[in-house]
Amino acid sequence: MMNSIVTSETSGKPLLRIRNLHCAFKSSKRCSLFGPRPLIHAVNGVSFDIQPGEAFGVVGESGCGKSTTAKLILNMARASEGSVQYRGQELTGLSDAAWKPLRQKLQYVFQDPLGALDPRMRVLDQVIEPLIIHQQHDNATRRQLAEELLRSVGLQSSQLGKYPHELSGGQRQRVVLARALILKPELLICDEPISALDVSIQAQIVNLLQQLRSEMGLTLLFISHDLSVVRHLCDRVAVMYLGQIVEMGPARQLFSAPRHPYTRALISAIPKADPGARRNRIALIGEPPSPADPPDGCRFHPRCSLATEHCRQQMPDLLADRRGHATACFEARIPVEEVA
Amino acid sequence: MNMLYVLQKLARALLTVLLIVTTVFVVLRLSGDPAIYVLGLDADPRALDVFRQQWGLDLPIWQQYLQFLGNCLQGDFGYSYFEERDAMTAVLERLPKTLLLMGITGMCTLLIGVPAGIYAALHRNSWVDRLTMLVSVAGFSLPNFVLGIFLILLFSVTWQLLPSSGSGTWQHLVMPTLTMTVAEAAVFARFTRSAMLEVLNQPYMRTARAKGLRWHQAVRRHALPNAAIPLITVVGFFVGTLVAGGVVTESLFAWPGIGRLLVSSVANRDLAVVQIIVMLIACSMVFTNLVIDLLYGWLDPRVASLRTGD
Amino acid sequence: MQPLLETLDLHVSFATDQSPVPVVRGIDLKVGRGEIIGLVGESGSGKSVTCMAAMGLLDDNARLRGEIRWNGRKLHCQDDDAMSVLRGNELAMIFQDPMSALNPVQTIGKQLYEAIRLHSAKRIGRSELKQRATGLLSDVGVPAPEQRLKAYPHQLSGGLNQRVVIAMMLAGNPRLLIADEPTTALDVTVQAQIIDLLRSLRDQRGMSIILVTHDLGVVAETCDRVLVMYCGRVVESGPVAAVFQSPRHPYTRGLLASLPRIDSSDDALTPIPGVVPQPHEFGEGCTFAPRCPVASECCYSGSPAQQCSESDHLFSCFSPLPVQKTRAHR
């Protein structure tokens, strides 16, 4: 079962090529003494490409598998099936030693900046450390590079000698970014990098990411539950639900004309900071079912207002139109002019 | 909680006991020849051989082990070479004394340690809290034998108020219990305090207050039951430290319990007695932990559902 | 009409080993009957502390100054006995993380029964308790309420737990519900459900609600009036439409401009530069001055007084932004 897509965009050489990725693990709960532990399918057949220089967003609610996808790419979780290729090189099943040179190219930033930093190490030393590990440059150059980078992510010279707890959340996330970028990675994977920050600080980090992208030619995989930020930052977006991609396409198009009923409900549920705006919210009933016991057929059908008998029995494939806007839905409304 | 879960726990407990018995058996056989201990170093080699033959000590160790297990199953736990009688009888004779000491110590510990910890937590940073914590640090950092000797010097030697050794009257009980209670109660007070502080900061305490419960009501109905959960675990360790402390304390005050018996039997290589005592201690700890596990599942529904896949 | 809850020049500081830390610095808040008030601000703005003060749930090391009035009568916020009569009966509160807001070792039913018993004068029988608890749960939209009574909190989802907490708070039929970031820990589709529930409580029961949040979108969709807080002060307040359409305080405008929007084109975001100052950094003047694009000399030396433009729209700024007829931040 491979509900993958071949779109016009994937014809170029992608930086990251993910095909039919699965991650299933046994639950810690057992049914009976010697009974099987139920299988939790956190990621279930995910495929997408990221082109060099692109910002690719993955959105979805908690438990949809977006963070697990990031961990699978970074080899922090074991894929039970499928392939992850980086510039044509297969990453799944690679040994730790084989991963080390790749770590320079694939860097990541996670949600909690305080937990990501060593509390007993000065900011500057934290940023120098990756250079030492990967044996790049001499001491003086390392120091100079780290100082320059820290300043370019917006830290003042006076802050470089401080410890993480002396900085604010936004400043810490800048340090984490600098540490990820010091090795000049090609792909930066961000998992909820701004969720722990205050509203006014979030915008600072989003702008910084945008600036770094254009300055360094960075490719971005941006995972977030915040659709507005993803729309703002990303070129293409995938929407995940219960371990599967239900809709994927160019950000502008996907957000302005969403096709999958889940995407539409998700977008309509976002409160808008505009008291005059008409609210026509598509109310979703209930909450996503457990990944340990997903429904048959289309995984969204129990909450979908358009669901038919067909949806209950068969899982729809992710099918793309000419513009690379893909939807996994039997009932998705595709504007007439685009069907062509 | 289902039957299966209980059975599973029981099976594990039995396995643990078997493992301990085996280890004790092997270690004791390897650590010295009882014949030499009983008959003396300069005994006639033939007498030694006869002794070994009599007690099956000349057989290969695995045969001795199987024989030992078989005997145990039949209720025969061996013969005390030193006391020259059934080892079980020798141990059982001493058991009530030890249980008395442990029982009183246990009760005093819970009655002093837990309320002190709760009070300290509820009055955090007050002078009572600070004093309690100061006393408790002193309490558990003072080794049993130091405190015991100190008490003997004070109450028996200087003031001549209490007997320094033996058993029989309530006066004999005072110093051994006191010695053991101080350290145990100190640990309990500290642990209760931190468990309570943890619980008091939980969001559900705010919810309980927001719905209209008074402070003391919220503490009684929501904080105490939750704080009890980690405390139950400590009771498991408690039994262990009680036994260890008991051995020292009984020796110090010449209290005729199994702790003292254990020390002298080890010195005399009285294998059967040592084995029984160690088995007894192991069984009591395994049993306590079994009870705690089951209690845990009963007190905390999250644990029960995690384990049984509810 | 007399406001239901009113704070007059409320100050809260917390005693520490060093000097006391001021967290709330002169807040005037009025909540009318059947009104939904939004309290917006970033971390450290004092919005939660203001609410906890009104509930009388501040820690012992809190020092209060100023007055809180309930129905025109002075509240003795630090008298636990007096406040516990009001809590749950007159004013109730729900919190951010619903998964830990319920006692993990008691069933949902037991916790609901406790709340119901607490607020009824006479003893209630088992069957009536069950009936009322089921009623409360179905009021807040919990499906299959009777079965949930036997469930433990960890067996329910976050959204359901938040509904259960709300049901519990409704047991005493309070007139004011304070919701402190009630949806922050929830997914966006579930957040929409909870927000709808809060609105319907207001519509059906005439309940007043204080909604504490950092999410301007939630405020815009839910509230009648909004107070924008910064470092323990209200910098701007007024009807939601007026404040969002024409923010007069640079901080409010900054917040709005730093929000990425789902429904409009991809302009660059305009973040507020700098960081929120810590309480020990609060100076003489306007606390926002160091981050303010229009700050001048006077902003650093003195606190701006509150000004009023049309209809209840208040702001504290020496150089307020001009009134906008169209959207200001885009």
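Contact, as I will use the word today, means heavy atoms within 4.5 Å, and helices are DSSP runs (H or I, at least four residues) numbered from the N terminus, with strands (E) needing at least two. What you see is a predicted model, in which local features need pLDDT of at least 70 and side-chain atom pairs count only at pLDDT 80 or more, while totals for chains, interfaces and linings use all residues. Residues are numbered from 1 along each chain as its sequence is written, chains are lettered from A in the order in which they are written, and side-chain values use heavy atoms, with hydrogens and water left out.

Let me start with a pair of helices in chain B. Two packed helices are described by the angle between their axes and the distance between the axes. Helix H5 (residues 87-122) of chain B and helix H10 (residues 215-252) of chain B have axes that come within 9 Å and cross at roughly 145 degrees, where the axes are lines fitted to C-alpha atoms over the stretch in contact and the angle, on a scale from 0 to 180 degrees, is taken between N-to-C directions. Which residues meet there? On the H5(B) side they include Thr98(B), Leu101(B) and Ile118(B), and on the H10(B) side they include Trp215(B), Phe238(B) and Val243(B). The residues of this contact divide into 12 nonpolar, four polar and one charged, with Gly counted as polar and Asp, Glu, Lys and Arg as charged.

Val243(B) also gives us a reference point for Leu30(B), since their C-alpha atoms, 213 residues apart along the chain, are separated by 25 Å. Leu30(B) belongs to helix H1 (residues 3-30) of chain B, and is it buried or exposed? Leu30(B) is exposed, with a relative accessible area of 65%, given that exposed means over 50%, buried under 20% and partly exposed in between, using a 1.4 Å probe and protein chains only.

Turning to domains, whose bounds come from an automatic or database assignment, chain B is divided into domain 1 (32-76) and domain 2 (91-308). Their C-alpha centres lie 39 Å apart, and five residues of domain 1 of chain B are in contact with six residues of domain 2 of chain B. Chain C is divided into domain 1 (99-172) and domain 2 (245-316), with C-alpha centres 42 Å apart.

Finally, a nonpolar core is a set of buried nonpolar residues, Pro not included, joined through side-chain atoms within 4.5 Å. In the largest one, of 107 residues, Ile210(C) and Phe244(C) touch the most other members.
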